[in-house]
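Work through the exercises below with the structure open. Each task is followed by a solution in steps.

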Amino acid sequence: MEAPAVPLLPLLLLLVAWAPEPGSASAEAPPLVNEEVRRTLDLSSHLAKVTAEVVLAHAGGDSSARAASFLVALEPELEARLAHLGVQVTGVDEETNSLDVRETQIKGKSGRFFTVQLPAALDPGAEVSVVVEAVYTHAIQPYPTQITQSEKQFVVFEGNHYFYSPYPTKTQTMRVKLASPNVENYTKLGNPMRHENLLDYGPFHDTPAYSQDSFRVHSENNSPFLTVSSMTRVVEVSHWGNIAVEENVNLKHTGAVLKGSFSRYEYDRWTHSGSSSIRSFKTILPASAQDVYYRDEIGSIYTRHLLTLDDSVEMEVKPRFPLFGGWKTHYIIGYNLPSYEYLYNLGDQYMLKMRLVDHVFDEQVIDSLTVKIILPEGARNIQVDSPYAISRAPDELHYTYLDTCGRPVIVARKENLVEQHIRDIVVHYTFSRVRMLQEPLLLVAAFSILLFTVVICVRLDVSITKDPAAEARMKVACLIEQVLTLVSKRLGLYHHFDKTVSRYKQSRDVSTLSSSRKSLETEHKALTSEVALLQSRLKAEGSNLCDKVSEMQKLDAQVKELVLKSAVETEWLVAGKLKKDMYVENKQLISGKRQELVSKIDHILHTL
Amino acid sequence: YTSPVNPVIFPHVTVVLLAVDMFFTSWFFVYKVTSTKYTWDIYKELLISLEASLFIGFQVLCLLLWVTVYV
């Protein structure tokens with residue numbers, strides 16, 4: 001874990017001077033010494049990065065305790081600016097392991113202290129080499145604070161010549177890397193060497209613990225002094241397979257403020273004009289980002305270029321106007337990610353592993369970050385594991401498409417972030433899959449309510465008077481329709497009976513024939529009686545169609561007779577009572593008559 | 001974790017469901033228009049409207065997911 005603000009200089013090394021130090025972190029702290037320190041101050045960007053390679057030695061006698069941890073200290077002047085502190089140790093196989101860093105207090109000393117756990121306790125007389133890295137934001141100040149468009153930007157950094165540590169240092173060197181070879185002045189302690197944009201100080205010998213010597217360098221620095229003054233990152237998780245990320249960014253140029261007016265002509269014409277202004281920057285998005293949009297309050301901004309690489313998507317972002325000192329802009333960038341890369345599940349348990357903050361631009365500084373993670377509706381038992389300390393606001397509810405009770409939102413805040421804070425945050429929650437059905441079912445319910453309303457509305461009779469003629473017509477039409485259905489059913493019966501007869505011809509099964517004949521009789525009777533009923537109702541309505549219906553009934557009776565007759569004939573044929581050619585002749589006669597009658601019935605039905 | 005429905009098929013499913021649902025909805029409305037006060041059958045009406053709303057509900061969801069609204 002990195003401590004958010006750790007001074008650069010701390011490296012442990014505690015030596016003989018440790019004992020008389022009042023209020024040490026541990027009562028029996030083993031004496032450690034910084035054998036050799038090589039500090040590198042990287043001032044080439046707007047962040048001050050101090051890396052110290054320290055060889056830590058245990059200077060106690062054989063009887064002293066082993067050192068399990070060591071202390072890292074920060075100067076009181078710079079410690080407020082710390083954004084990141086990391087300690088690494090190079091293992092035997094050249095691998096670097098980050099060590100655990102925790103903040104502690106030292107009585108009687110101002111500034112901040114951090115305890116770093118060593119991977120293996122240090123024996124008396126042994127050495128270990130560690131690398132302490134600290135990043136400070138806003139430590140490099142522009143000086144002069146206001147420049148015109150054509151001037152160059154000069155900045156000042158004030159630090160420490162020595163390595164600030166609770167332990168004495170035997171030898172140390174310091175190298176300062178500046179942004180450009182153009183250096184106004186720098187403090188000259190111990191006759192430093194200067195070569196282009198590098199300053200070499202040292203070696204300094206036998207410096208006591210907590211030694212400080214003011215170091216100041218004033219040089220030209222035209223690197224982009226871009227700061228994100230505030231940023232809101234919204235991550236919306238959908239179980240339909242997508243994670244939508246949106247970043248709402250407020251940018252500010254924190255370099256030397258622009259004095260005077262801005263001349264666009266000069267800016268475009270001369271390349272050296274506005275050398276410290278920011279024209280564009282590059283944002284690196286996750287590799288599978290799709291549907292990237294870049295917009296602000298006015299609308300979509302098209303001065304952007306998207307480049308899809310193998311392991312990332314690079315977007316070159318050009319704000320609507322170049323940023324000069326003190327100028328601000330605001331934009332929104334959003335993209336979609338497939339959920340299978342970041343969401344994991346085991347049954348009902350889900351785990352979301354996403355970056356808490358992503359790359360906005362190189363050497364980024366974010367003054368204030370708010371992260372909102374929106375989980376699907378019905379997510380319960382939410383647990384958050386963050387890689388570093390964040391402050392969590394109470395969970396909110398977010399309402400969006402097809403929501404009934406709101407989606408839980410996890411809100412987290414943090415200040416002063418740099419690139420090293422791009423780490424994963426893990427969120428655990430439970431969600432039952434059945435709840436996913438709630439969305440389509442909600443839509444179905446909505447539409448069914450709509451259609452039911454239509455059903456009811458059309459059925460409601462809101463006419464003021466009743467029109468008797470129309471009513472009667474409607475009633476008659478209804479009855480006729482029923483008659484038609486019944487008649488067609490009856491005809492169907494005849495067909496069915498015909499089929500059974502032909503089957504009987506082949507199978508010679510008398511019982512089936514008789515049973516089917518019986519069923520025909522009963523059904524026919526039922527249908528005929530129904531038609532008669534309808535006919536009587538028609539008569540009650542006073543329609544002349546009832547005559548036609550009665551005519552049709554008579555014809556139908558004749559058809560039935562013929563059908564039965566043909567069945568009887570077939571029976572005779574099978575029994576051998578009738579000769580085949582006679583049977584065929586009779587059959588033809590019967591079928592002819594039947595056709596006639598059926599066509600007549602059809603004709604009547606059409607006229608109904 | 002992958003989505004239960006493959007996103008590649010969203011457009012096809014949307015169109016198919018739309019076709020089916022158009023059929024049901026139009027059948028429903030034709031039935032409403034042609035039936036009179038005495039020839040209507042509530043069960044048939046309810047059945048058609050239920051099926052129509054079912055298909056249209058799923059179709060709208062698929063449509064929303066297809067246009068990356070991702071409800």
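**Exercise 1. A four-stranded sheet**

Task: Give the strand order of the open four-stranded sheet in chain A, its pairing, and its edge strands.

Solution. The model is predicted. Its chain A has an open sheet of four strands, ordered 9-11-16-13, with antiparallel pairing. Strand 9 (140–142) and strand 13 (183–186) of chain A form the edges, each pairing on one side only. Ignoring direction, neighbouring strands in this sheet are turned against each other by 20° on average.

Next, take the edge at strand 13 of chain A. Strand 13 pairs with strand 16 (residues 214–220) of chain A in the antiparallel sense, over three bridges. To fix the register, note that A:Val183 stands opposite A:Ser219 in strand 16 of chain A.

**Exercise 2. Backbone around strand 9**

Task: Which peptide bond is cis, and in which loop does A:Pro144 lie?

Solution. The cis bond joins A:Tyr143 and A:Pro144, with omega at about 10°. A:Pro144 belongs to the loop between strand 9 and strand 10 (146–147) of chain A.

On the other side of strand 9, the loop from strand 8 (127–136) to strand 9 of chain A holds A:His138. The phi of A:His138 is near 55°, a positive value in a residue other than glycine. Both cases are set against a general background: most residues other than glycine have a negative phi, and most peptide bonds are trans.

**Exercise 3. A seven-stranded sheet**

Task: State the strand order and pairing of the open seven-stranded sheet of chain A, then describe how strand 29 pairs with strand 30.

Solution. The order is 21-24-18-17-27-30-29 in chain A, and the pairing is mixed. At the edges are strand 21 (290–295) and strand 29 (391–398) of chain A, each pairing on one side only. From one strand to the next the twist averages 15°.

Strand 29 of chain A and strand 30 (residues 407–418) of chain A are joined by six bridges in the antiparallel sense. Within this pair, A:Leu397 stands opposite A:Pro408 in strand 30 of chain A.

**Exercise 4. Annotated spans**

Task: Where does UniProt place the feature "transmembrane region", and how much of each span is helix?

Solution. For chain A, the unreviewed UniProt entry lists residues 441–460. That span is 95% helix and 0% strand, and its end C-alpha atoms lie 28 Å apart.

For chain B, the unreviewed entry gives residues 12–34 and 46–69. Residues 12–34 of chain B are 100% helix and 0% strand, with end C-alpha atoms 33 Å apart. Residues 46–69 of chain B are 88% helix and 0% strand, with end C-alpha atoms 31 Å apart.

**Exercise 5. Helix packing between the chains**

Task: Describe how helix 2 of chain A packs against helix 2 and helix 1 of chain B.

Solution. Start with helix 2 (residues 438–459) of chain A and helix 2 (residues 42–66) of chain B: they pack at about 145°, with axes 7 Å apart. Their crossing is right-handed. Residues in the contact include A:Leu443, A:Phe447, A:Leu451, B:Leu50, B:Ile56 and B:Phe58. By class, the contact residues of this pair divide into 15 nonpolar, four polar and three charged.

Then turn to helix 1 (residues 10–34) of chain B, whose axis comes within 11 Å of that of helix 2 of chain A and crosses at roughly 10°. Angles under 35 degrees count as roughly parallel, and helix 2 of chain A and helix 1 of chain B are therefore roughly parallel to each other. On the chain A side the contact is made by A:Leu451, A:Val454, A:Val455, A:Val458 and A:Arg459, and on the chain B side by B:Phe28, B:Phe29 and B:Lys32. These residues divide into six nonpolar, no polar and two charged.

Conventions:
Residues numbered from 1 in each chain as written. Chains lettered and ligands numbered in written order. Predicted model: local features only at pLDDT ≥ 70, side-chain atom pairs only at ≥ 80, totals over all residues. Heavy atoms only, no water. Axes fitted to C-alpha atoms, helices over the stretch in contact; angles between N-to-C directions. Helix = DSSP H or I, 4+ residues; strand = E, 2+ residues; numbered from the N terminus. Left-handed = near helix turned anticlockwise from the far one by under 90°. Contact = heavy atoms within 4.5 Å. Nonpolar A, V, L, I, M, F, W, Y, C, P; charged D, E, K, R; others polar. Pairing = 2+ DSSP bridges. Parallel < 35°, antiparallel > 145°, perpendicular 65-115°, else oblique. UniProt positions renumbered as here; feature names shortened; annotations may be inferred.
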